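Work through the exercises below with the sequence and the 3D structure at hand. Each task is followed by its solution in steps.

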Amino acid sequence: MSTLADNLSAISARIASAAQAAGREPTSVQLLAVSKTKPASAIREVHAAGVRDFGENYLQEALTKQQELRDLPLIWHFIGPIQSNKTKAIAEHFDWVHSVDRLKIAQRLSEQRPAGLAPLNICLQVNVSGEDSKSGCAPADLPALAKAVAALPNLHLRGLMAIPEPTDERAAQERAFASLRQLQEELGLGLDTLSMGMSHDLEAAIAQGATWVRIGTALFGARDYSNHA
Ligand SMILES: *Cc1c(COP(=O)(O)O)cnc(C)c1O
């Protein structure tokens, strides 16, 4: 068995046991393989082991790999910060966007989504830790943003996403994820998606209702950012 397939088995086991501990069906938690900085060959290998959904943060890198992998039926998720000049390509080349945090970006994605493609699945990124450095809309601004995005014609608002401040303390991890879940419940829009949990905190996220866990390092190994300066 290759390392990637071994890593995938280990993650699947972590997801299943976290779901079981939370009294949830393991199939209610989906794996998003975060492949940023990793080569197309690694994506191909992970797809062969049974993964369909891949998350990318850097547009140009993602487009290059999509081209190399166009023979595979992959589902592509954009999960990085979005500048206005990137929305057209994102609207054309992705199935999901997890990192929408302002209306202007959502409006552009809706306008630029090609006719003939299904509505673009959207998660609103919320800043649940209150750190200045993090992207994400402020919780207080979320209700108005969600309402406006839900009304855009070529988008399908699915839920919320967060990247809480990293901590090893399980209780603190759960508090952050619980706050995202609570914000979603308070919206009352019937949203079905909570994109939360990464390599180090997926158990806490699943305990608090994650439906997508976004896993990079634990699957593909440590990242080398030297090409992304
Ligand atoms: C890189 C990244 C991940 C994956 O993080 P790991 O800790 O490597 O699992 C998940 N979500 C987002 C938004 C990311 O940018």
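**Exercise 1.** Find which residues come nearest to the ligand.

Solution. Among the 13 residues around the ligand, the nearest are K36, N57, S199, T217 and R223; a residue counts here if one of its heavy atoms lies within 4 Å of the ligand. The model is predicted: local features need pLDDT of at least 70, side-chain atom pairs 80 or more, while totals for chains, interfaces and linings use all residues. Numbering runs from 1 along each chain as its sequence is written, and side-chain values use heavy atoms, without hydrogens and water.

**Exercise 2.** Determine how far polar side-chain atoms of N57, S199 and R223 lie from ligand oxygen atoms.

Solution. Step one: for S199 the distance is 2.5 Å. Step two: for N57 it is 2.7 Å. Step three: R223 has an N or O side-chain atom 2.7 Å from a ligand oxygen. As for cover, the protein takes up 91% of the 380 Å² of accessible area that the ligand has on its own (Shrake-Rupley method, 1.4 Å probe).

**Exercise 3.** Sort the shell around the ligand into nonpolar, polar and charged residues.

Solution. The shell has 6 nonpolar, 4 polar and 3 charged residues. Asp, Glu, Lys and Arg count as charged; Ala, Val, Leu, Ile, Met, Phe, Trp, Tyr, Cys and Pro as nonpolar; the others, Gly among them, as polar.

Definitions and conventions. Polar contact = N/O pair within 3.5 Å; in protein donor to acceptor, adjacent residues only side chain to side chain.
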